[in-house]
Amino acid sequence: MSEARSTILTAIRTTLARRRGEQPAADEAAIAAEAKHLRARADATRPDRVSGRPDEAFLARLVSPAIAATAERVATLRDFPVAVRRYLGAHSLAASVAVQSHPDLLALDWSGIETHERIGVDEPVAVGLALGGIAETGTLIFHSSPTSPTLFAFLPVHHIVAVESGRIWSWLEDYADAFAGCPQPRNVNLVTGPSGTTDIEGTLVRGAHGPGWLHVVLVGGATSKPDLDARGATRAGA
Amino acid sequence: MSAHARPGGFDTRVQAALADPLLKLAIDRTTGTARTKRAAAVAAWPGFAAGRDLGRDIKDHVIDNLGHYLVEFERNALASGAKIHWARTGQEACDIVVAICRDAGARTVTRAKSMLGEEIGLPHALEVAGIERVETDLAEHIIQLAGDPPSHIVWPALHKTREQVAALFQSHHHDPGALASVEAMVASARRELRGRFLAADVGISGANFLIADTGAVCTVTNEGNAELTTTPPRVHIVTAGIEKLIPSTAHAMAMLRLLVRSATGAELTQYTTFHCGPKRPGDLDGPGEFHIVLVDGGRTRMLAEGLAEMLRCIRCSACLNHCVVYRQIGGHAYGGTYPGPMGSVLTPMLDGLAQSQDLPRACTLNGQCQEVCPVAIPLPTLLRGWRDRLWRDGLEPAPARLGLGLWRFLVLRPALYRLASGALIRMMPAFARGGWIARMPMAGGWTRHRDLPRPPSRTFIAQYRSRKPLP
C-alpha cells in the first residue's frame, strides 16, 4: 500500500511543482482561504426559487411533477398517526406498518395500526422521521444512527415521513454549512422523491428498487392561509 | 488496456453500427429525451453560466492542490474507520478488490454502476476470481444479461430498445410476467434483484465525489440500488479515481447542481448519499468493513502530460448526448470504456494513442461538447492536441500525410491555390444533379453515405474581389 501511495503522491507533487515554476506551493491557510472563497461564490449562482418561507417552498417543490411526492401539513407530531391512517385508507393498504425506532415516533399513539420496528425486504409501508429537509430541491435528509436505520428509506413500497417545519433549510449549501465541522454520520441520505429509473429508452418510471411512493407530513408551522392541509394529500401529475 | 477493447478496427465497428437501424432508433430515443430535459433544466436556472464557471474553478482548485486534498481525505476517512488502499494501475486496484473479497470469504458481490469499475476491468477480474457478480443498476442488469459492455456512461444499456429488453427479461427472469410496458419491465427487475441485495457478502460501488474534509464518499442514483448495494452486505468497497476529490460537502452541493442537470435534466437525483466509514456502535444496519481504493490509472500522467483539464470531468454524459458522431455510431464503436467526446480524449491516454488513433479523428470539431460541458472542458482543443501528437509521432497514414503535404504546398503559394481551387469549382458542377452531387471521382468516401452540395460558380476570392468596397 505505502509504495503505491508514495508513487502517486510523488508524481502529483513533482508535476504540480513543475507547473508552478518559480511560485511556492500554497500553504494550508492559502488553500483553505481559496476554498472558502469558492464556497461563498456558490451563493450568487444558486437557483433563486426559494423566496419566502422555506417550508412552503419545500412543500411546493415536493408535489411538483418533477418530484411527484405527496405532502400534507399537520399541527403537531401527535397528529402523525392520524395522517398515516388516512394515507393507508386512501391507498387501501393493510393497517400494518414498520415504524422507525425513533423515540419520538414510538411514543405516539398508533392505536388501530399494527406496528413493528424490523423492516422486511418488501415492507409495504414504513413510517419514518427525517432530520430535516431542503426547500430548493424538495429533499428529505436522513442521518443514519441507532434510531434511524438506512434501509427504512429504501426497502418499503410506501414511505411516509414526518419532518419538522422548522428544520427546512433553503438551499443545499445551507444544510451542508449547518453540519460543517460536526461528526459525519455513517450515512447521510438525501432523498428527493420516490425512486425511479430512466434506464429503458430514457422513459421515467417510478418505483425502481427504492419506494414507489413517498408521502411527506410536515409538522407545525401552519400559515394563516389554509394550504396543503386543507387540500389533503394530492399526488402531483397522477 | 481497456477491459472492453473490441475486435475489429474502428472503421469496421462504425460500418456495423451505421448498418444497424435499431441502434439508431435506440440512441435517438434516449439522447433526444436527455437533450430536451437538460435544455429545460438549464433554461430554468438563470445562474447556470456562473454556476458552470464555479464548477470549473472548484475542480481546478482541487487539481492544483491534489496532493493536499488526497492526504486530507485519507486522514479523515481513516478516522471514520475506513480502510484506504492506493492503486497505481487498474490491475492493482482489481487485485486489491479481489483480495478483500477473498478475505471476507465472499461468494457473491452486488455492484452499483461505476464507470471506474469498467475502466479497470473489475467485472472481468471478479469473474476470473470465481466470485459471482450481481449488477444492481437496471441498465447494468440489462447488459449483464445480454453479455454486452456499456455503450453510454449514464445509460449503459442505451443501445437496447424496450422490445429487446422485454425479450431479455422474458428469457432470463424467474417471474417476468407480461412485460407489456416499461413499468412492467422495471417491476420484473425489482422482483428479480430483491433477494440478491440482501444475500450478497460484499457490495461494491464507485464514487461521484470524495469529500476531503469529512472523508465521506458521495454516490448519486435514481433507483436506490446503490444504498441497497452498500448497506446490507458485511463489506462495502468503493473504487474511486483520485480526481474525484472535492473540498467539502458544501462544494459538492454546487457540483451536484451541475452534474444532475447535465446528466438527466433533474435538479437532484432521487438518492444522494454520503457514505462515511463502517457501521457504528448501535447501528441497526450498514457494513462492518468499509474499504476505499484510490486509483491513479493514468490520472497522474494526465496531469503531467497536458490533460489536467480532463481531470475536471464529472462523467455527466452531456457531451455524448450532444455529439453528432456519438448519435450516429453509438458507444460500442469507440472501442474503449468511455465513448463520445470525453472518451475520445481519455481513451488514447488509457489505451495508448496508436491503438485508439481513429478516435481524435472521428470528430467534426463543431464545439457542441464544450458548450454543454458543465465544467467547461475544452474538449475540441484537447482532441486537436491528440491530432497534433498523431502528426508528430508519424501515426497519420501515408495518404493523409500526402494530402496534407499537397495542401500545404498549395496554400503557401496563393496564386497556384487559386488556380487549383478555380479549376475544381469549374469541374464539380459536371457531376451535379440539381443542387447536389451524389457521385464524383475521388470523393466516394464522402458520397457513399451523403451528397455533396453543388458549389457556387465562382470561388470566394473571386466573389470578394468583384464586390465594390463599402462606402
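Which residue in β7(B) is the bridge partner of B:G203? The tour reaches that pair at its last stop. The model on screen is a predicted one.

**Stop 1: chain A as a whole**

Select chain A and colour by secondary structure. Seven helices and twelve strands should appear. The radius of gyration of chain A is 22 Å, while the globule rule gives 18 Å for 238 residues, so chain A is more spread out than a compact globule. Turn the chain along its principal axes, and the C-alpha atoms fill a box of roughly 75 × 45 × 45 Å. Of the 238 residues in chain A, 47% are buried. Contacts in chain A between residues at least 6 apart in sequence are made up, to 74%, of pairs at least 24 apart.

**Stop 2: the open sheet of chain A**

Next select strands β1, β12, β7, β4, β2 and β3 of chain A, which form an open sheet in that order with parallel pairing. Why do β1 and β3 of chain A each have one side without a neighbour in the sheet? Both stand at the edges, β1 at 70–74 and β3 at 114–116, and each has a single partner strand, so one side of each is left free of a neighbour. Look along the sheet for its twist: on average, neighbouring strands are turned by 25° against each other, direction ignored. As general background, strands of a sheet pair through backbone hydrogen bonds, either parallel or antiparallel.

Zoom in on β7(A), residues 158–164, and β12(A), residues 213–219. Seven bridges join these two parallel strands. For a single pair to label, take A:I160, whose bridge partner in β12(A) is A:H215.

**Stop 3: helix α4 of chain A and its two ends**

Select residues 80–90 of chain A, which is helix α4(A), and show the side chains of its buried residues: A:F80, A:P81, A:A83, A:V84, A:Y87 and A:L88. Look down the helix axis. The buried residues fall within an arc of 155°, so they line one face of α4(A). What do they pack against? The partners are β1, β2 (96–99), β4 (125–129), β7 and β12 of chain A, and each of these strands belongs to the sheet of the previous stop.

Now step to the loop between β1 and α4 of chain A, where A:R78 is found. Is A:R78 buried or exposed? It counts as exposed, because A:R78 has 12 C-beta neighbours inside 10 Å. Add A:L108 to the selection: A:R78 and A:L108 are 30 residues apart in sequence, and their C-alpha atoms are 6.2 Å apart in space. Then go to the residue A:S92, just after α4(A), which takes a positive phi of about 50°.

**Stop 4: where chain A touches chain B**

Show both chains and select the residues in contact between them. There are 62 residues on chain A and 80 residues on chain B. On the chain A side, the elements that give two or more residues are α1 (2–20), α2 (28–45), α6 (172–179), β9 (187–191) and β10 (196–197). Start with α1(A), which gives ten residues, the largest share of that side.

**Stop 5: chain B as a whole**

Hide chain A. Chain B has 23 helices and 13 strands. How does the radius of gyration of chain B stand against that of a compact globule? Chain B has 25 Å, which agrees with the value near 23 Å for a compact globule with 471 residues. The C-alpha trace of chain B spans about 85 × 55 × 45 Å along its principal axes, and 52% of its 471 residues count as buried. Among the contacts in chain B with a separation of 6 or more, 73% come from residues 24 or more positions apart.

Colour chain B by its domain assignment: domain 1 is 10–300 and domain 2 is 399–466. The C-alpha centres of these two domains of chain B lie 49 Å apart.

**Stop 6: strand β4 of chain B**

Finish with residues 202–205 of chain B, strand β4(B). Both faces of β4(B) are covered: B:V202 and B:I204 are buried on one side, and B:G203 and B:S205 are buried on the other.

Add residues 108–111 of chain B, strand β2(B), which runs parallel to β4(B) and is joined to it by three bridges. Here B:V109 stands opposite B:V202. Then add residues 235–241 of chain B, strand β7(B), which pairs with β4(B) in the parallel sense over four bridges. The residue asked about at the start is here: the bridge partner of B:G203 is B:H236.

Notes:
Residues are numbered from 1 along each chain as its sequence is written. Chains are lettered from A and ligands numbered from 1 in the order in which they are written. This is a predicted model: local features need pLDDT of at least 70, side-chain atom pairs count only at pLDDT 80 or more; totals for chains, interfaces and linings use all residues. A residue is buried if 20 or more other C-beta atoms lie within 10 Å of its own, exposed if 12 or fewer, and partly exposed in between; C-beta atoms are placed from the backbone. Two strands pair if DSSP finds at least two bridges between them. Domain bounds come from an automatic or database domain assignment. Axes are lines fitted to C-alpha atoms, for helices over the stretch in contact, and angles run from 0 to 180 degrees between N-to-C directions. The radius of gyration is taken over C-alpha atoms; the globule rule is 2.2 Å times the number of residues to the power 0.38. Two residues are in contact if their C-beta atoms, placed from the backbone, lie within 7 Å. The arc is that of the directions from the helix axis to the C-beta atoms.
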